[in-house]
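Trainee: I am new to this structure and would like a close look at a single part of it. Could you take me slowly through the place where two of the chains meet?

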Amino acid sequence: MADSIFVAATCVATLGLLLAGIRFAKGPWAIDRTVALDAMTIIVTSLIVAFAVFSGRRIYIDVGMVYGLVGFVGVVAMARYLEGGL
Amino acid sequence: MRTLKAKMLGFLLLWCAWLLLTSPWNEQEAVAGAIVAALIVILPWFPTSHLGDLRINPKAIVYMVAYALVFLKALVLSNLDVAFRVLHPRLPIAPGIVRVRTTLRTPLGRLLLANSITLTPGTITVEMRGEDVFVHWIKVASADPQGATEAIVSDFEKYLEVICG
Amino acid sequence: MTEIVGAFVSLVGALFFLLSAIGLLRMPDAFNRMQAGTKATTLGSILFLVGVGIMRPEYLGRLLLLVAFIVLTNPVSSNALARAAHGYRERLGARLEPDALAESDAAEGPRGEDHGD
């Protein structure tokens with residue numbers, strides 16, 4: 001029961017990732033793509049944690065943590081670049 | 001005194017992060033974490049000075065807990081609000097950028113205020129210049145600074161003033 | 001029992017992810033997309049990760065640290081993006097009424113910042 005609810009949660013999150021990916025592909029400006037990337041980073045972090053639950057290996061939570069921090073630095077760097085300050 | 005307080009708070013933060021990372025706890029891990037956190041905080045260039053803005057007294061601690069609750073409530077309300085706007089077939093938005101004024105002086109207080117504004121209903125901090133904060137508002141209810149200040153920042157400022165004015 | 005509660009909390013969080021993605025698709029300009037993309041993903045990830053923590057209590061410590069990182073970093077990145085977007089507001093076709101920041105810029109004179117391509 002719990003497992004199937006959690007599988008459903010993962011599927012819904014993946015659907016959200018795909019829809020955000022449509023905005024990432026459509027743009028039309030770099031800012032829109034970066035906003036979509038920001039949302040996608042957080043959804044992917046959560047999906048990596050879900051993968052840690054499915055595989056039963058806790059190391060993937062650390063992977064998710066590092067991915068989230070690196071993604072944050074990437075989005076801030078992108079924003080600084082678009083602002084003309086990099 | 002202020003630097004000492006900042007260093008102590010930095011130590012506590014780093015140690016808590018270490019303890020959460022190594023979560024089935026044992027004594028050796030805790031002691032090793034305390035030593036590493038102390039060594040990092042003692043480095044003179046480790047940036048802890050803004051943490052010294054935080055006030056530590058019984059009233060401030062009560063207000064910190066109250067602020068956390070107010071913030072969580074605002075976060076949930078903001079999500080229901082965005083959910084309503086996103087799912088509404090006609091997209092009821094009237095976006096604009098308004099200017100609000102803050103009375104907070106310390107960098108830490110302003111950081112917390114800017115982040116709280118971004119996470120609450122329909123508002124994103126765009127720019128801070130001195131005591132002016134420019135906020136993107138998804139449905140502008142009042143364009144003059146007074147009314148906007150009432151609506152956006154007054155709730156948080158009441159608490160942040162006590163925590164780290 | 002706790003497993004079912006945790007999985008259900010995760011499902012609610014995942015629904016907020018879906019909502020923020022719909023917001024990203026439907027909103028008309030970058031500022032409004034940011035509104036949907038920041039708030040809903042923050043609450044969504046808090047609920048999703050806390051739900052996993054309820055399901056698997058042995059992961060809870062790390063997950064709380066991850067939630068703290070997300071709550072601290074997510075508004076910072078969207079503040080930076082909003083500031084960058086304001087420099088491009090005309091090309092983005094953003095409808096801003098009023099625009100106090102542009103008025104303040106006009107009153108103080110140009111700051112010598114040229115946003116090239």
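Mentor: What follows is a walk through the contact of chain A with chain C, and then a look at one aromatic pair.

This is a predicted model, in which local features need pLDDT of at least 70 and side-chain atom pairs count only at pLDDT 80 or more, while totals for chains, interfaces and linings use all residues. Residues are numbered from 1 along each chain as its sequence is written, chains are lettered from A and ligands numbered from 1 in the order in which they are written, and side-chain values use heavy atoms, with hydrogens and water left out.

Chain A brings 46 residues to the contact and chain C brings 48, where contact means heavy atoms within 4.5 Å. The area buried between these two chains is about 4,300 Å², and carbon and sulfur atoms give 77% of that area; buried area is the accessible area, taken with a 1.4 Å probe, that two parts lose on being put together, summed over both.

Across this interface there are three salt bridges, each being a side-chain nitrogen of Lys or Arg within 4 Å of a carboxyl oxygen of Asp or Glu. In one salt bridge, the side chain of R62(C) meets that of D62(A), at 2.7 Å from N to O.

On the side of chain A that touches chain C, the elements giving two or more residues are α1 (2-26), α2 (30-55) and α3 (59-83) of chain A; helices here are DSSP runs of H or I with at least four residues, numbered from the N terminus. The largest share of that side, 15 residues, comes from α2(A). By class, the side has 32 nonpolar, six polar and eight charged residues, with Ala, Val, Leu, Ile, Met, Phe, Trp, Tyr, Cys and Pro counted as nonpolar, Asp, Glu, Lys and Arg as charged, and the others, Gly among them, as polar.

Now to the aromatic pair. Over all chains, a search of the whole structure finds nine aromatic pairs, which are rings of Phe, Tyr and Trp (its six-membered ring) with centres within 6.5 Å, called stacked when the planes are under 30 degrees apart, edge-to-face when over 60, and tilted for the rest. F6(A) and F54(A) form a tilted pair, 5.5 Å centre to centre with 55° between the planes. Because F6(A) lies in helix α1 of chain A and F54(A) in helix α2 of chain A, the pair ties together parts that are 48 residues apart in sequence. F6(A) is buried, with a relative accessible area of 1%, whereas F54(A) is partly exposed at 46%; buried means under 20% relative accessible area, exposed over 50%, and partly exposed in between, using a 1.4 Å probe and protein chains only.
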